[in-house]
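Hi there,

Here is the structure we talked about, ready for you to open next to your own notes. Have a look first, and then read on for what turned up in it.

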Amino acid sequence: MIDLEDFRTKLSLELLSPTTKTQLDISVTDINRPGMQFCGFYEYFAHERPQVIGKVEMTYLESLDVRARRPVLEKYMSYPIPCIISCWGMTPPRDLLDIARAHDIPVFQSKLKTTKFTLQAIMYLNRVLAPHITRHGVLVDVYGVGILLTGESGVGKSEAALELVKRGHQLAADDVVDICRVADDRLIGESPEMVRHFMEIRGIGIIDIRAMYGVGSVIVSKSIDMVIHMEKWDSSKEYDRLGLTEETVTILGVKVPYQTMPVRPGRNLAIIIEVAARNLSLKRMGYSAAHELDRRLNELIAQNTANHT
């Protein structure tokens, strides 16, 4: 279900037909143009989608005699249509609005061209209907790479993010990160609106990052390209020192590169996170320092073996 008022405001729509509904029963991220239905073809009718009327459909309806148009509209709206949107700022015929009111179907008007509105509507539905999950952590944009910092409370996630902000990077969310899957291989994270741009620093309290460092220090949402799990240094644990093994973590069915960062006094976490972001960018371009070193060592071993034989 999608909130009707949010649907109207986010897509800049005007409600032409009053309705008792406060929510729209929309579960798919697509729209339907009902030209074929107006012509009587109902073998395949995606009635569960928002119905978008463009110039072609409107011109056809207006070409019909009033007595011929009403049965067409009656049959069309006998299906459980979530809503109807008229584009180009066009006002639908009076009988369409009357029948929609009788069936309690909201009718909206958009000033946009049909193609442009369709694109915006699909993007909006993709965002709203995407699978969501909430995680405890901090999301920052470092050199264009979205890094989700996770770990136990008090391990230093917010302090590391604050240092990154001071170094010119951007904060997307602190403490609570709302994550949604907008594509099969893409996650987007953002902060709940109530606590957006705020950060908690132990010993100081709540601070407003945007007010303190300017609008360039924050970002509303960011893709999650890497997860760095921060944990207190455990001397008995063996940490990866080469990086030959690439670990991943699965969030909402999407595999994301994953690294464990041991934390202890004296480590500059902000610089390490910056290096991790740059290193991920290099890997995406096909270069891995660990694999390059491994290749050179193997070549050296092979050369020494050949010389001894």
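Let me start with the aromatic rings: in this predicted model, the count of aromatic pairs comes to 7. One of them joins Phe-7 and Tyr-124, with ring centres 5.8 Å apart and planes at 70 degrees; planes over 60 degrees apart count as edge-to-face, so this pair is edge-to-face. What makes it worth a look is where the partners sit: Phe-7 belongs to helix 1 (residues 4–10) and Tyr-124 to helix 6 (residues 114–128), so to speak two distant parts of the chain, 117 residues apart. Phe-7 and Tyr-124 are both buried.

Another edge-to-face pair is Tyr-42 with Phe-45, at 5.6 Å centre to centre and 80 degrees between the planes. Buried or exposed? Both Tyr-42 and Phe-45 are buried. These two rings also belong to a cluster, in which ring pairs link Phe-38, Tyr-42, Phe-45, Tyr-76 and Tyr-79.

Two rings have a charged side chain over the face. Lys-55 lies over Trp-88, at 4.0 Å from the ring centre, and Arg-278 lies over Tyr-143, at 3.9 Å from the ring centre. Please keep Tyr-143 in mind, as it comes back below.

**The sheet of 4 strands**

Next, the sheets. One of them is open and built from 4 strands in the order 2-6-5-4, with mixed pairing. Which strands stand at its edges? They are strand 2 (14–17) and strand 4 (51–53); each has a single partner strand, so one side of each has no neighbour in the sheet. On average, neighbouring strands here are turned by 30 degrees against each other, direction ignored. If you want a place to zoom in, try strand 4 and strand 5 (residues 84–86), which pair in the parallel sense over 3 bridges. There, Val-52 stands opposite Ile-85 of strand 5.

**The sheet of 8 strands**

The other sheet I would show you is also open and mixed in its pairing, with 8 strands in the order 13-10-9-7-8-14-16-15. Its edges are strand 13 (221–223) and strand 15 (247–251), and since each of these has a single partner strand, one side of each is left without a neighbour in the sheet. Neighbouring strands are turned by 45 degrees against each other on average, again ignoring direction. At the edge formed by strand 15, 5 bridges join it to strand 16 (residues 254–263), and the two run antiparallel. Glu-247 stands opposite Tyr-258 of strand 16 in this pairing.

Strand 8 (residues 145–151) is a good guide to the covered part of this sheet, with 7 of its 7 residues buried. Val-145, Ile-147, Leu-149 and Gly-151 point one way, while Gly-146, Leu-148 and Thr-150 point the other way, and all of them are buried.

How does strand 8 pair with strand 7 (residues 132–142), and over how many bridges? The two are antiparallel, with 5 bridges, and Val-138 has Leu-149 of strand 8 as its bridge partner. Strand 7 and strand 8 form a hairpin with 2 residues between them, and here Tyr-143 returns: it sits in the turn with a positive phi of about 55 degrees. With strand 14 (residues 226–232), strand 8 pairs in the parallel sense, also over 5 bridges. In that pairing Leu-148 stands opposite Val-227.

**Helix 7 and Ser-158**

Last comes helix 7 (residues 157–166), which is mostly covered, with 7 of its 10 residues buried. The buried ones are Lys-157, Ser-158, Ala-160, Ala-161, Leu-162, Leu-164 and Val-165. After the helix comes Gly-168, with a positive phi near 100 degrees.

Ser-158 deserves a closer look. Buried means under 20% relative accessible area, and Ser-158 has 13%, so it counts as buried. Which side chain does the side chain of Ser-158 meet in a polar contact? The partner is the side chain of Asp-174, at 2.7 Å. Leaving out residues up to four places away in sequence, Ser-158 touches Val-138, Asp-174, Met-199, Glu-200 and Ile-201. Val-138 is the residue you met above as the bridge partner of Leu-149 in strand 8.

Happy browsing, and best wishes!

Terms used
Residues numbered from 1 in each chain as written. Heavy atoms only, no water. Pairing = 2+ DSSP bridges. Axes fitted to C-alpha atoms, helices over the stretch in contact; angles between N-to-C directions. Buried < 20%, exposed > 50% of the residue type's maximum accessible area, 1.4 Å probe, protein only. Polar contact = N/O pair within 3.5 Å; in protein donor to acceptor, adjacent residues only side chain to side chain. Contact = heavy atoms within 4.5 Å. Phe/Tyr/Trp six-rings, centres within 6.5 Å; stacked < 30°, edge-to-face > 60°. Lys NZ or Arg CZ within 6 Å of the ring centre and 35° of its normal.
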